[in-house]
Amino acid sequence: MKRYRWKLLEPDEQAVRLLSESINVSIPVARALCNRGITTYDEARTFFRPSISSLSSPFLLQDMERAVGRVTEALRNGEKIMLYGDYDVDGTTGTALLYLYLDEQGADVSYYINDRFTEGYGLSPEGISFAEASGVTLIITVDCGIRADDAIARCLQSGIDVIVCDHHEPHELPPAFAILNPKVPCCTYPFRDLCGCAVAFLLVQALAIRLQTGTESWSRYLDLVAIATAADMVSLQKENRILVNEGLQSIRRSPRQSMKSMLSIMGLNADVMTMYHIAFGLAPRINAAGRMQKAQLAVEWLVSSSEAEAKRSAEELEQMNLQRRKIDSDIFLKADTMVEGHFASYCSSIVLYDEDWHLGVLGIVASRMLEKYYLPTIIMGNMNGKIKGSVRSVEGLNIYEVLQQCGDLLDQFGGHSQAAGITLSPENLGGFRKKFDEICSHMLPPERRQKELLIDASLKLEEITANFMNVLEQFSPYGYGNREPIFMTSGLVVAGKPRLLKEKHVKFAVRDVSGRIFDVIGFDRPDVYRAIITSSGSVFSLAYSLEKRLWNNREQWQLRLRDIAVENP
């Protein structure tokens, strides 16, 4: 029944006590803050009150002055500007953001996004040929370009300047006119973990400063930055926390036309928008365009101004997403049946290949396999005689570094510490699979092959008060780098009869020694239901997060189950 390794975090007790006193919060809340590196009054104020005024100057990005100068020159001379975006949420939102701003400034601007299946990632020969034929003299990339040395060199030969807006780790820098990337050497921007859309946003912010178009001319795009930041799984700390917080507020207050149309389809009111709704609602629908057909549709939806256009595009994205869900479900079921045979030879990773698997959903399947087996996972298909795959990693294992060690067997790879993409030749598959597993075996000791559950503090049910919940709510928005606080309570017994909802969700109540009772909901945990009904009278320890819900217009609190352990089996 216990699924995870529980780790009760132990911050410095004196720091916890001093923080509790200085900001007037309970000890468990102070522990949760210290666990996030927040130990002073000023740090807590910044955390709880993220303000757009705290953003760094966009001109701290290396080459920003050159980029702004080149774009303003293109605006002044009426040059043709082409935005070259990646086909995922980060690339399409960033492309839409730049397009909307430049179009408003009267630019002759267009956009181009690769076909995932025929062109692959990055600046493609087809895309550059399109720019050449269209008379483009300036390309601005979004979420790609940092490794496009040959492609950018070709652009220069054709008289096309390139401004790179990217956030991926660079190797040797390409010969671009300007490179905007917080990860390039010597860049003075203080925060490295921006997504590609956020980099494009900083370009818009800098242009607005130079063109004196006012704060509202760039702040109106914070909703797009929030969506991209949430979807791209960059760290929700510091500047990203500000961008997401402001963007969510923007959607709740005044959603743009495209958002209204999609939220209507989702049956969701804008004023309750959270990170959850972005990650599991908006982002999959935006991604569906690039996964199933062409990502241009996502940009068309994002930039649509009329209700009719927005509704039409949103309905198309919805249908693509339904199709995507059916395909990735079928592939997951087949991949799951292959795992047992795979483990006979490789036990430290999952590397599966089928030439018929749809390339557009491999990342989703890899994430689902990782969730189930908690091993570094690669799911691969075939395109034009090459094997292409999506890679997902467990916490604490930098998958990019693993792939670097396998570089001699790969044609191409790129990505982040937790997710990547690869391309290799079929004849190298066997060697790659063996080497990848050996490296993972060496870097993943047995104790790290069970997912760790970080617990912020031990809590008594009587400590869950209205004030406690109000403060806890201010920890959001949650996501990678800012996980939701998790607490544990021991000495609990089940109160009443547990229920199994939709054959997979468990619902029950717990009571502590003082008699305090709380409802508990556990999603996708039918194992807990079976264990509870066969363990009558047992005492449990519960790991959980806390959430509010409205029932008959009354506010209630419940425990959201993360894990459970029997104390007296």
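The legends below describe close-up views of a predicted model.

**View 1. P50 in the loop between α3 and α4.**
The loop that holds P50 runs between α3 (41-48) and α4 (64-77). P50 counts as buried because its relative accessibility is 12%, and the cut-off for buried is under 20%. Apart from neighbours within four places in sequence, P50 is in contact with R241, I242, N245 and E246. Y221 is 171 residues away from P50 in sequence, and the C-alpha to C-alpha separation of the two is 17 Å.

**View 2. The second largest pocket, with α3 and α11 in its lining.**
The volume of the second largest pocket is about 410 Å³. Its lining consists of 18 residues, and those nearest the centre are T46, F47, Q237, K238 and R241. At least two lining residues come from α3, and at least two from α11 (238-253). The share from α11, four residues, is the largest. By class, the lining of this pocket has six nonpolar, seven polar and five charged residues. R241 also appears in the previous view, as one of the contacts of P50.

**View 3. Helix α7 and its two faces.**
Helix α7 covers residues 149-157, and its buried residues are A151, I152 and C155. Seen down the helix axis, these buried residues fall within an arc of 95 degrees, so they line one face of α7. An α-helix has 3.6 residues a turn, so residues three or four places apart point the same way. The exposed residues D150 and Q157 are on the face of α7 turned away from the buried side. Among the elements that cover the buried residues of α7 are α6 (125-134), β4 (138-142) and β5 (161-165). G159 follows α7 and has a positive phi, near 80 degrees.

**View 4. The parallel strands β4 and β5.**
Strands β4 and β5 run parallel and are joined by five bridges. One residue pair to show here is T141 with V164, its bridge partner in β5. Strand β5 is mostly covered, with four of its five residues buried. Both β4 and β5 are among the elements that cover the buried residues of α7.

**View 5. F413 in strand β10.**
F413 is part of strand β10, which comprises residues 412-415. With neighbours within four places in sequence left aside, the contacts of F413 are R147, Y400, L403, Q404, G407, G421 and I422. K388 and F413 are separated by 25 residues in sequence, and their C-alpha atoms are 9.6 Å apart.

**View 6. R285 in helix α13.**
R285 belongs to helix α13, residues 275-292. This arginine is buried because its relative accessible area is 12%, under the 20% cut-off. Outside the neighbours within four places in sequence, R285 is in contact with M262, M266, F280, L317, E318 and N321.

**View 7. The cis peptide bond between S476 and P477.**
S476 and P477 are joined by a cis peptide bond, with omega about 5 degrees. The loop that contains P477 lies between α19 (466-473) and β14 (487-501).

**View 8. K502 and E503 in the loop between β14 and β15.**
K502 is placed in the loop between β14 and β15 (505-511), and E503 is found in the loop between β14 and β15 as well. The phi of K502 is near 55 degrees, which is positive although K502 is not a glycine. E503, also not a glycine, has a positive phi of about 65 degrees. K502 is exposed because its relative accessible area is 73%, and the cut-off for exposed is over 50%. E503, with a relative accessible area of 64%, is therefore exposed too.

**View 9. P28 in helix α2.**
P28 is found in helix α2, which comprises residues 27-34. The relative accessible area of P28 is 5%, so P28 is buried. In sequence P28 and S458 are 430 residues apart, whereas in space their C-alpha to C-alpha distance is 7.4 Å. Leaving aside neighbours within four places in sequence, P28 is in contact with A457, L459, E463, F468 and F487.

Notes:
Residues are numbered from 1 along each chain as its sequence is written. This is a predicted model: local features need pLDDT of at least 70, side-chain atom pairs count only at pLDDT 80 or more; totals for chains, interfaces and linings use all residues. Side-chain values use heavy atoms; hydrogens and water are left out. Buried means under 20% relative accessible area, exposed over 50%, partly exposed in between (1.4 Å probe, protein chains only). Contact means heavy atoms within 4.5 Å. On a 1 Å grid over the protein atoms alone, a cavity is a set of points where a 1.4 Å probe fits but cannot get out, and a pocket is an open set with protein on both sides within 12 Å along at least five of seven lines; lining residues have an atom within 4 Å of a point. Grid points are joined across faces, edges and corners, and a volume is the space filled by probe spheres set on the points. Ala, Val, Leu, Ile, Met, Phe, Trp, Tyr, Cys and Pro count as nonpolar, Asp, Glu, Lys and Arg as charged, and the others, Gly among them, as polar. The arc is that of the directions from the helix axis to the C-beta atoms. Two strands pair if DSSP finds at least two bridges between them.
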